[in-house]
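Me: I have a structure open and want to know what stands behind the labels people put on it. Take me through the reasoning, label by label.

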Amino acid sequence: MTEEIFSVVNGEVFGVWFLIGAALVFWMQAGFAMVETGFTRAKNAGNILMKNLMDFCIGTVVFILIGFGLLFGEDLVGLIGKPGFDIFTDYANFDWSNFVFNLVFCATTATIVSGAMAERTKFLSYCVYSAVISAFIYPVEAHWIWGGGWLSQIGFHDFAGSCAIHMVGGISALIGAWLLGPRIGKFVKDAKGRITKVNAFPGHNLPIGCLGVFILWLGWYGFNGAACTSVEQLGSVFVTTTVAPAIATVVCMIFTWIKYGKPDVSMCLNASLAGLVAITAPCDVTDVTGAIIIGAVAGLLVVFGVWFLDNKLRVDDPVGAVAVHCLNGIWGTIAVGLFATTSAPGNDSIVGLFYGGGFKQLGLQLAGFASVAAWTTVMITITFLVIKATVGLRVSEEEEIVGLDSCEHGLPSAYAGFSIMDISNTMTMDVNENTDLGVSDYDSASSFQKKAAVNVVKAPEMLTTGIYKVVIIAKLSRYDHLKKAMNDLGVTGMTVTQVMGCGVQKGAGEMYRGVEVDATLLPKVKVEVVVSKIPVDSVIAAAKKALYTGHIGDGKIFVYNVDKVVKVRTGEEDFEALQDVE
């Protein structure tokens, strides 16, 4: 009797945990929305949010009508579930928990594609795609794996969806981005049409992207752990789900640090997700050693994937969805056949190659990967080609430049009250000279070097009054030096404005996701002072010394004569109205 009671209680507890896991997986939609928004440009933020919202909402509609039946309906020759409407005709006996759980998984598959096709896809076309993958493409292959179909019958193992969800979403993302074409300015071509350079498009809000990664990591404990049936198995799944992404991120950090000179922030965020994707299929059958190796490979694979798409396939994937989900979905699927061990709680039959199981399970995993990949490739290609031929896939060039928030949704900006400026490759300028002047110390520099670094432009001589307006354009990093120099001279009144500037100096020589950043509009500071008693030559000399770092484009100084002074006496104070002559 006691054992029966404990069995009932245990079943109830894990039934509740199953639904909590479903809620965690639903919360991952917020994570995907944040990652994709943060990794793309501000002018498309609202469009990204809308697509992630509609992935789930459209997916719910079509999953109710057809998707759930195809996934969990009565098996028809191992290929498809029999469509049914029990949710309408027999609600009292309907499997509510299973429906909700598989619905949130279905939405995850659809939303993976959003990031790869971001910033240039028609919203209507995306909604059509989302409906098709949720209603038909995903439910059919998921039936093979989880609904009693032929892959489950032969022993293929994918515990939480490296193959069924992530690889399918990643393949769809790859084909969609390829058919769509790259964003304007992503690739530079020569006169013969050959690509000679890859441009970086830095994400506009990495803090939001990082928040999205942590939301996804939290949700992944439900993603991988919700189907566990014992505390021991759940604990083991939590361990592998923690270790693999952590190792992947550390490996990626070290690798990018060595390869690019500095650890790449966005690539490491991608690496965390890559480790989570890779461990999703084998999370219940591997031990911590296997999780470490799986994570380490994932950390390298995501860097290779981003590079391979940019430099070999020439496919523009703004957020790295293909590298994270497609490549690591495949890797996680295969990893079951390599690292499965019976020491994992709840696993008493699946043994991988490296644990003495031979090639049997590895062969099954390869067969599953190949069949699901073939199904997805054929069906998603047909889907996108039909959409392209009917309503079209891509927005116009003008709409892409202005931004999808405005053109597709009538939203002036997702950041009301903030000035939005697109500084990434919109006005690309070739730089053909070395900006380093060879001397970084101002006192040691020659007059030519000083003039090249900080140029002084004087207005034509007019009626001199002894009053000058000096406008100084400088790097943000030199502002404190400039302010101190002016204060030391006795200049206490300054007008300071943050501006964007474009000069002969290269925008940036840093790396973003393995691509050199070439932002030609740079953050600058404009300082304006008006002097009369203080010699203007002293102001110029102090400013030049403060701005000098030994590079062309350290700053520029404009000097204006003031030829009109109007004195107005009011009480005991004098005011001067100054008119600039340029």
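Reply: Start with the rings. This is a predicted model. In it, ring pairs join Phe18, Phe101, Phe105, Trp146, Trp220 and Phe223 into a cluster.

Me: How many aromatic pairs are there by this rule?
Reply: The count comes to 27 aromatic pairs. One of them is Phe105 with Trp146.

Me: Why is the pair of Phe105 and Trp146 called edge-to-face?
Reply: Two values decide. The ring centres are 6.2 Å apart, and pairing requires centres within 6.5 Å. The planes stand at 90°, and over 60 degrees counts as edge-to-face. Therefore Phe105 and Trp146 are a pair, and an edge-to-face one.

Me: What does the pair of Phe105 and Trp146 tie together?
Reply: Phe105 belongs to helix α4 and Trp146 to helix α5, so the pair ties together parts 41 residues apart in sequence.

Me: Are Phe105 and Trp146 buried or exposed?
Reply: Phe105 has 3% relative accessibility. Buried means under 20%, so Phe105 is buried. Trp146 has 23%. Exposed needs over 50%, so Trp146 falls in between and counts as partly exposed.

Me: How do you know that a charge sits over the ring of Tyr126?
Reply: The charged end of Lys51 is 4.8 Å from the centre of that ring. The distance limit is 6 Å, and the charge must also be within 35 degrees of the ring normal. Lys51 is listed as sitting over the ring of Tyr126. Arg183 does likewise over Phe201, with its charged end 4.4 Å from the ring centre.

Me: What makes Thr109 buried?
Reply: Its relative accessible area is 0%, so Thr109 is buried. Thr109 is in helix α4. Beyond its neighbours within four places in sequence, Thr109 contacts Tyr129, Ile133, Tyr138, Ala164, Ile165, Val168 and Gly169.

Me: What is notable about phi at Val77 and Glu119?
Reply: Most residues other than glycine have a negative phi. Val77 has a positive phi near 50°. Glu119 has a positive phi of about 80°. Neither Val77 nor Glu119 is a glycine.

Me: Where do Val77 and Glu119 lie?
Reply: Val77 is in the loop between β1 and β2. Glu119 is in the loop between α4 and α5. Val77 has 76% relative accessibility, so it counts as exposed. Glu119 has 0%, so it counts as buried.

Me: Why is Gly203 called buried?
Reply: Gly203 has 17% relative accessibility. The limit is under 20%, so Gly203 counts as buried. Gly203 lies in the loop between β4 and α8. Its C-alpha is 5.8 Å from that of Arg41, which is 162 residues away along the chain.

Me: How many cavities of 30 Å³ or more are there, and what lines the largest cavity?
Reply: The count comes to 3. The largest cavity has a volume of about 160 Å³. Its lining has 17 residues; Lys186, Val306, Asp310, Asp317 and Arg513 lie nearest its centre. Helix α11 gives the most to that lining, with 4 residues. By class, the lining has 9 nonpolar, 2 polar and 6 charged residues.

Me: What of the second largest cavity?
Reply: The second largest cavity holds about 100 Å³ of space. Its lining includes Phe32, Glu36, Leu216 and His325. α1, α10 and α12 each supply at least two of the lining residues. The classes come to 8 nonpolar, 3 polar and 1 charged.

Terms used:
Residues are numbered from 1 along each chain as its sequence is written. This is a predicted model: local features need pLDDT of at least 70, side-chain atom pairs count only at pLDDT 80 or more; totals for chains, interfaces and linings use all residues. Side-chain values use heavy atoms; hydrogens and water are left out. Buried means under 20% relative accessible area, exposed over 50%, partly exposed in between (1.4 Å probe, protein chains only). Contact means heavy atoms within 4.5 Å. Rings of Phe, Tyr and Trp (its six-membered ring) pair if their centres lie within 6.5 Å; planes under 30 degrees apart count as stacked, over 60 as edge-to-face and the rest as tilted. On a 1 Å grid over the protein atoms alone, a cavity is a set of points where a 1.4 Å probe fits but cannot get out, and a pocket is an open set with protein on both sides within 12 Å along at least five of seven lines; lining residues have an atom within 4 Å of a point. Grid points are joined across faces, edges and corners, and a volume is the space filled by probe spheres set on the points. Ala, Val, Leu, Ile, Met, Phe, Trp, Tyr, Cys and Pro count as nonpolar, Asp, Glu, Lys and Arg as charged, and the others, Gly among them, as polar.
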